[in-house]
Amino acid sequence: MRRRDFWVLMAPSLVVMFGLLAYPLYRTIRWSFERVQYGADGTWVGLDNYREALSDPRLIHATVFTVGLTLVASLLLVVLGYWLAYLVNQLGRTKPIVLGILLISYVVPQIVGATMFSWLFNSNFGGIVNHLVTEITGTEILWFTDPWANRVVILLNVLWFMLPFAMMVIIAGLQGVPHETMEAARIDGARGWRIHWHVIVPSIRGVLGFVCLISVMDILRVFDALIPLSPQAVGIGNESIMLYIYNVAFHDGGQQLGLGSAINVLLIVLIVVMLFPFIRDTAREANQ
Amino acid sequence: MTRHYIVLPAVAALAATAVLASGCSAGSRVASEDATKVACDIKTDKPITANVLAYNSTAIDPYTNTMVQSCTKGDVTLKHRPIDFAGQIQKTTATLAEDSGTYDIVETYGFALPDLAAQKKLVPLDGLIEKYSDKYALDEINADMTNGMSYDGKTYALPMQAQTYVMSYRKDIFDKLGLKPPTTFEELRAVAKKIQDSGEVKYPLALPWLASSDIATAYDSVMGSLGENLTDPKAKTANLDSPTSIKALEEMRSLLPYMDPEVTTFDQPAVQQQMYNGSAAISIMFSGRMNDLTMTSNSQYAEKTAFAPPPAVEKGGTLFNTLSIDGWSIPANTEVDEEALFQMMAASVSPKASRAAVPASYPAREGMVDSDSSPFADASNEAIKSAPATEPYPWTSRISIAVTPTIAKIILGEISVEDGAAKMQSTATKILADYR
C-alpha cells in the first residue's frame with residue numbers, strides 16, 4: 001500500500017480517536033488538578049481534588065462495592081457462561097431459537113432492562129419474585145433498602161445482562177476445541193468434570209481470559225443500571241464509582257467537574273490495575 | 001450451512017429486539033398533534049430557529065406543545081426534544097454556562113430561579129411583560145406567581161403554572177370506615193392506623209420520599225407548616241438544628257409505621273402507582289400528578305378517589321405544603337431576538353392555552369380552575385391559598401441538595417434526629433458563608 005493511501009484510510013480513525021479518546025482524556029487529567037465549573041476556566045488547585053476524593057468515605061465505600069461486585073460477578077459470569085455455553089452447544093435444531101431468546105437481555109438498552117428487572121422485585125409494580133419469596137419464606141425482603149438484599153438484586157441483574165455475551169464468546173471457543181483432543185482424552189479414561197477441567201478449559205483459556213477482561217471492564221463502569229435498581233444507593237453503600245462521579249459532577253446541576261475528573265482518573269488507574277493480568281495474558285496468547 | 005443456520009435466526013432475533021427496544025425508548029420529537037392552537041404571529045426579518053428546553057410531564061406538556069405547534073410557521077421554527085426532569089436540570093446548567101448556549105427558551109421553576117438570576121444567567125422580563133401585557137392579557141396572571149418568578153425586584157420568568165401538594169384518598173375506604181379527610185398530622189396518623197387495623201390496606205399512606213430528592217421537599221414542607229424557613233435570609237444563618245427542625249424530623253418519622261418500608265425509594269410516579277394498584281389509601285404529592293389518578297384507563301380505583309387539601313402538621317398551622325411555580329425564561333446567552341422569544345412564551349400561556357391545560361395543570365392565570373374544570377379544583381384552590389411562603393434565595397437550592405442525604409439517614413434511623421440536625425446545620429452554614 002502506498003504511503004498516501006495508508007494515511008487517507010487511517011485519517012478518519014485518527015481523528016475519531018483523538019477527538020473521542022485522547023482529547024477527553026487530556027481534559028479529564030487537566031481538570032483533575034483544577035476547580036472547574038461549566039463554562040468557566042479552571043483554577044489550578046494542584047492535588048486538592050485528589051486529597052478531597054481520597055478523604056471522602058463515599059469513595060472508599062464506592063470502590064469496595066464496585067470492586068466486590070466486579071470480582072464476584074466476573075467469576076460467576078465465567079462459570080455460568082461456560083456452563084450455559086456447554087449446554088447450548090449440545091443442542092440440535094433448537095439451538096438458534098434458544099440462542100435468540102438468551103440474547104434478548106443483552107440487546108435491550110441497559111437502563112430499560114434494569115428498570116424492568118427491578119419490577120420483578122418491586123411489589124408496587126407486580127414484583128413476582130418478591131411475591132414468591134414472601135409466599136415461600138413468609139418474610140418480606142426489602143430488596144431496595146436492605147444493603148445486602150439490594151446487592152443480590154444488582155448482582156443478578158449484571159448476570160442477567162452480561163451472561164449472553166459471555167455465553168456467546170465461550171460457545172465460539174468451544175467450537176474451536178479439536179474433536180481429536182476430546183476423543184483422545186476419553187480414550188485415556190477422562191470423564192465428567194475432568195474433561196472440562198483438564199481438556200476443554202485449557203483449550204479455551206484465551207477465550208475465558210477475554211470474557212474476564214470484558215466483564216471486569218464493563219462491571220467496573222456499572223452506572224445506569226443502578227438508577228432503577230438501587231434508588232437509595234448512596235444511603236445503603238451501594239453506590240458504584242461511576243455513580244459517585246455522576247453524583248458529584250452532574251447530579252442536580254452539580255458543578256464539581258474538577259473533583260469528578262480526579263475520581264475519574266483514579267477509576268482509570270483502578271481499571272488498568274485490575275485489567276493488567278488479563279491484558280498481559282491476552283498479549284502472550286497473541287504472541288504465541 | 002450449520003453456521004448460517006445458527007447465525008441467521010440469532011441475528012434476526014437480535015435485530016428485531018433492538019428495533020423494538022429502540023422504538024420503545026425513542027420518544028417523540030414533535031409536539032402532540034392535538035395540542036391547543038393559539039395565535040402566535042411573530043414578525044421577523046430573518047428566519048428564526050429556537051430550541052426549547054422543558055421537561056416532559058402531563059402538567060408542562062400542554063404549554064410546550066402549544067408553543068411549538070402554534071409558533072412554528074413561516075420563518076419561525078421551534079424545536080423541543082423530550083427530556084426528563086433530572087436531564088433538564090443538567091442541561092439548564094450546561095446551556096447557561098457558556099457565552100452561547102444550545103437553548104433559547106428554558107423552563108425554570110421557583111426553587112432554581114433565584115440562583116440562576118443571581119448569576120445573571122437569565123434575561124429580566126419586566127420591560128417585555130409591560131410592552132406585551134395587553135396583547136397577551138398578561139395582567140391576568142396571578143401576581144403572587146409573578147413574584148415567585150422574581151429575584152431582587154426583577155421578573156426572570158413568565159409564570160406558566162403552579163403546583164402545590166394535594167391529598168388524594170380512597171373515598172370508598174374512608175366511607176366504609178366512617179373516616180374524614182385528615183386536617184392535621186395527628187388525624188393523619190389516626191386515620192392511617194384505622195385503615196391499617198381494619199386490614200383494608202397494609203400501608204395506607206403513600207408519600208414521595210425518595211432519598212435522593214423528594215425527601216428534602218417533604219422536610220421543607222413540614223418546616224414551612226410549622227412556620228419556619230430553612231434559613232434566616234437577613235442574618236444568613238440556617239435553622240436546620242432549631243427546635244422546629246427537630247420537631248419537623250420527628251413528625252416525619254412518626255408517619256413511617258403507615259408507609260411502605262421502602263418509602264425512601266419512592267418518587268412521585270411510584271406513589272401514583274401505589275394509588276393505581278390500591279396498595280395505598282392516602283397520598284400527598286404535587287397537584288400535577290392528580291389528574292392521572294382520575295383516569296379510569298390508569299386505575300380501577302380512579303372513580304373511588306377523592307381529593308382534599310393536605311393536612312397541617314399542627315392544628316391551626318399552615319398546610320403541609322409547598323408552592324412550586326414553573327415559568328418560561330430567556331437565557332442571557334441566546335442569540336435569538338428576545339422579543340420574538342417572549343411572544344412565543346406569552347402565546348403558550350395565553351388565556352386559551354391556559355384554559356385548555358386544566359385539569360392537567362394549575363395555570364398561572366386567575367380564575368382558571370373551578371369545580372367544573374377540574375375534579376380536584378377545590379382541593380387545589382384551598383391548598384394554594386395556604387402554602388408556606390417560598391424561599392427565593394440563591395442558597396436555598398444548594399442547601400436543600402446538600403442536606404438531602406442526611407435527611408434520608410435521619411428518616412431511616414441511621415443517625416439520630418439531633419445528630420442529623422447538627423450535621424445539616426453545619427453543611428448549610430458552610431454554604432451560607434459564600435453569600436456573606
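Okay, one definition before anything else: two strands pair if DSSP finds at least two bridges between them. Keep that in mind, and remember that we're looking at a predicted model.

Let's go to chain B, to strand 3, residues 105–109. On one side it has strand 13, residues 324–329 of chain B, as a partner: the two pair in the antiparallel sense, over four bridges. If you want a spot to click on, Val106(B) stands opposite Ser329(B) there. Strand 3 of chain B also pairs with strand 1, residues 48–53, this time in the parallel sense and over two bridges. Here you can look for Val52(B), whose bridge partner is Ile105(B).

So is strand 3 of chain B mostly covered or open? Mostly covered, with five of its five residues buried. Ile105(B), Glu107(B) and Tyr109(B) point one way, while Val106(B) and Thr108(B) point the other.

Now over to chain A. This one has 14 helices and two strands. Its C-alpha atoms fill a box of roughly 70 × 70 × 30 Å along the principal axes. There are 288 residues, and 41% of them count as buried. Chain A exposes about 15600 Å², with carbon and sulfur atoms supplying 68% of that. As for charge, I get 18 positive and 18 negative side chains, and the centres of the two sets lie 11 Å apart.

One residue to finish on: Asn157(A), which sits in helix 7, residues 147–174 of chain A. Asn157(A) counts as buried because its relative accessibility is 2%, and the cut-off is under 20%. Leaving out residues up to four places away in sequence, Asn157(A) touches Gly113(A), Ala114(A), Phe117(A), Ala225(A) and Leu229(A).

Note on methods: Residues numbered from 1 in each chain as written. Chains lettered and ligands numbered in written order. Predicted model: local features only at pLDDT ≥ 70, side-chain atom pairs only at ≥ 80, totals over all residues. Heavy atoms only, no water. Buried < 20%, exposed > 50% of the residue type's maximum accessible area, 1.4 Å probe, protein only. Contact = heavy atoms within 4.5 Å. Areas by Shrake-Rupley, 256 points an atom, 1.4 Å probe, with all protein chains shown as cover. Lys, Arg positive; Asp, Glu negative; His and termini not counted. Charge placed at Lys NZ, Arg CZ, Asp CG, Glu CD.
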